[in-house]
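Each question below asks how a label is earned. Each answer sets a value against its definition.

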Amino acid sequence: MGQSGATSPTVARVLRGELCSGCGLCASVAGPAIRMEQPAPGYARPAQSGGVTPEAERIIAASCPGAVVAPWTGVAPEIHPYWGPWRRVLTGHATDETVRFEGSSGGAISGLLIHALETGLIDRVVHVAAAEGDPTRNATVVSRTAAEIVRRAGSRYTASSPLAGLEAELAAGGAFAVVGKPCDVSALRQLALRDPRVGRHVKVVLSFFCGGIPSHDGVRRILKTMGVAFEDVRAFRFRGRGWPGDCVAETDTGEGRMSYPDSWGGHLSKEVQFRCKICPDAVGGAADIACADAWYGDDDGYPAFDEQEGRSLIVSRTEAGERLLSAALGAGRLDAEPVPVNEIDAMQPSQARRKRLVLARTLALPLALQPRPRMAGLKVLEAARRAPLVEALRNFVGTLRRTMLGRRSRL
Ligand SMILES: Cc1cc2nc3c(=O)[nH]c(=O)nc-3n(C[C@H](O)[C@H](O)[C@H](O)COP(=O)(O)OP(=O)(O)OC[C@H]3O[C@@H](n4cnc5c(N)ncnc54)[C@H](O)[C@@H]3O)c2cc1C
Ligand code: SF4
Ligand code: SF4
């Protein structure tokens with residue numbers, strides 16, 4: 001889209017309110033006027049250097065997940081207040097041992113993508129992998145073969161903006177899948193309401209349950225604790241190769257290694273951006289299929305068992321998701337069995353807790369004269385009814401106090 005007019009008021013307001021998730025949609029829609037950068041402490045944020053057209057601004061205002069979150073209504077007949085719209089809930093894994101091993105949990109996302117690619121449903125996948133030249137950061141990549149998908153499997157707990165290059169992909173046409181954080185998927189679905197190319201070319205949208213995006217400082221803290229110099233890192237993975245798998249920094253002379261509870265619990269979780277702490281859909285409710293760790297964890301969400309073969313939770317949400325899942329199961333690409341939806345409560349206690357506290361936290365924001373995203377149709381009130389009153393009050397007061405003190409990141 002052309003460059004003219006004023007800078008985007010939506011982007012400015014979202015940045016001021018610390019509501020940006022870093023999805024990159026505004027950069028895609030606004031063209032050269034907005035570029036994604038990673039200012040300290042290392043979250044993906046839009047930098048505005050020119051004006052956006054009124055049409056681009058209208059699209060950003062209606063799609064930016066810092067301003068509005070895609071509703072769950074109309075996606076599936078069943079909607080759980082924590083776990084979102086669902087048609088089928090399964091636990092399982094990719095049957096290919098390499099895919100399962102390389103995958104973050106059971107390699108389900110990669111298995112589904114490979115099936116979609118090899119059956120001709122899509123010709124490519126837009127997803128996220130370690131950046132060439134700085135493997136501790138992320139880049140958006142396009143995979144056209146099963147080998148590329150497997151090479152890019154695994155969770156990357158640092159800033160990602162998979163929508164920043166979407167305009168070029170839509171212009172290129174064809175049929176592709178997008179894998180993104182739930183907020184990326186929300187932005188994509190909202191964009192689809194205004195840009196018919198999304199429905200024409202994006203055939204599958206996959207997501208995962210998301211505990212939040214830590215700043216890049218989290219990676220630096222891990223490296224420091226490992227005793228590995230940042231400049232020496234040749235490859236960096238956050239987990240995977242086993243379940244949950246260690247965080248590993250490879251250098252020319254060896255490697256640094258850290259367990260998942262230490263890397264996520266001790267470092268990364270302390271660096272999560274504010275937007276994630278009020279996230280009304282961190283379970284990929286707008287995706288065709290969302291996957292997660294099918295582990296039975298403690299109250300903080302850490303697996304209550306040692307390393308083992310990976311297992312994914314697989315939630316199909318839309319008709320398109322159900323078709324792909326059935327086809328992948330039928331072809332023997334995935335091995336999975338059904339579980340009752342309420343069983344997810346035991347696997348994802350920290351996700352359940354955050355969802356029931358979203359209302360209390362977001363009610364505090366206008367009192368501190370701060371904006372909040374619109375979040376209708378996401379069962380926020382219904383989830384809040386499950387929160388113990390004391391916990392809700394504590395979170396309301398804590399958010400208000402920290403927001404007024406300018407210390408929301410400590411929530
Ligand atoms: C930031 C983050 C937070 C998460 N929080 C939780 C949680 O709270 N609970 C939970 O159960 N699971 C969480 N996960 C998801 C979990 O780690 C697995 O991704 C999920 O179980 C799917 O595993 P898989 O083996 O099927 O995926 P894989 O087959 O390994 O595929 C993973 C896919 O995700 C894409 N991807 C990786 N990192 C990113 C990123 N930063 N942004 C966009 N796309 C990415 C990859 O490109 C790949 O296509 C999180 C993942 C991330 C990236
Ligand atoms: S959330 Fe996405 S669309 Fe909104 S300001 Fe941030 S990068 Fe742009
Ligand atoms: S917690 Fe929500 S806002 Fe944060 S990265 Fe995940 S989906 Fe996006």
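Q: How do the residues of the shell around ligand 3 divide into nonpolar, polar and charged?
A: They divide into 7 nonpolar, 2 polar and 2 charged. The classes are fixed by residue type: Ala, Val, Leu, Ile, Met, Phe, Trp, Tyr, Cys and Pro count as nonpolar, Asp, Glu, Lys and Arg as charged, and the others, Gly among them, as polar. The shell includes Cys183, Cys210, Lys181 and Arg275, so by that rule these two Cys are nonpolar, while Lys and Arg are charged. The model is a predicted one, in which local features need pLDDT of at least 70 and side-chain atom pairs count only at pLDDT 80 or more, while totals for chains, interfaces and linings use all residues. Residues are numbered from 1 along each chain as its sequence is written, with chains lettered from A and ligands numbered from 1 in the order in which they are written.

Q: What makes a residue part of the surroundings of ligand 1?
A: Its C-beta atom, placed from the backbone, must lie within 6 Å of the molecule. There are 34 residues around ligand 1, and Gly103, Ser110, His127, Gly211 and Ala292 come nearest. By class, this shell has 14 nonpolar, 16 polar and 4 charged residues.

Q: Why is Ser215 called buried?
A: Buried means that 20 or more other C-beta atoms, placed from the backbone, lie within 10 Å of its own; 12 or fewer would make a residue exposed, and anything in between partly exposed. Ser215 has 23 within 10 Å, and is therefore buried.

Q: Which residues does Ser215 touch, not counting those up to four places away in sequence?
A: They are Pro41, Gly42, Tyr43, Glu271 and Gln273. Contact here requires C-beta atoms, placed from the backbone, within 7 Å.

Q: Why are the buried residues of H3 said to be on the same side?
A: In helix H3 (residues 54-63), the buried residues are Ala56, Glu57, Ile59, Ile60 and Ser63. They cover an arc of only 160° around the axis, so they are on the same side of H3. The arc is that of the directions from the helix axis to the C-beta atoms. These residues pack against helix H1 (9-16), helix H2 (25-30) and H8.

Q: How do you know that strands E11 and E12 pair?
A: Pairing needs at least two bridges found by DSSP. E11 (residues 247-250) and E12 are joined by 4 bridges and run antiparallel, so they pair. One bridge links Ala249 to Gly256 in E12.

Terms used
Helix = DSSP H or I, 4+ residues; strand = E, 2+ residues; numbered from the N terminus. Contact = placed C-beta atoms within 7 Å.
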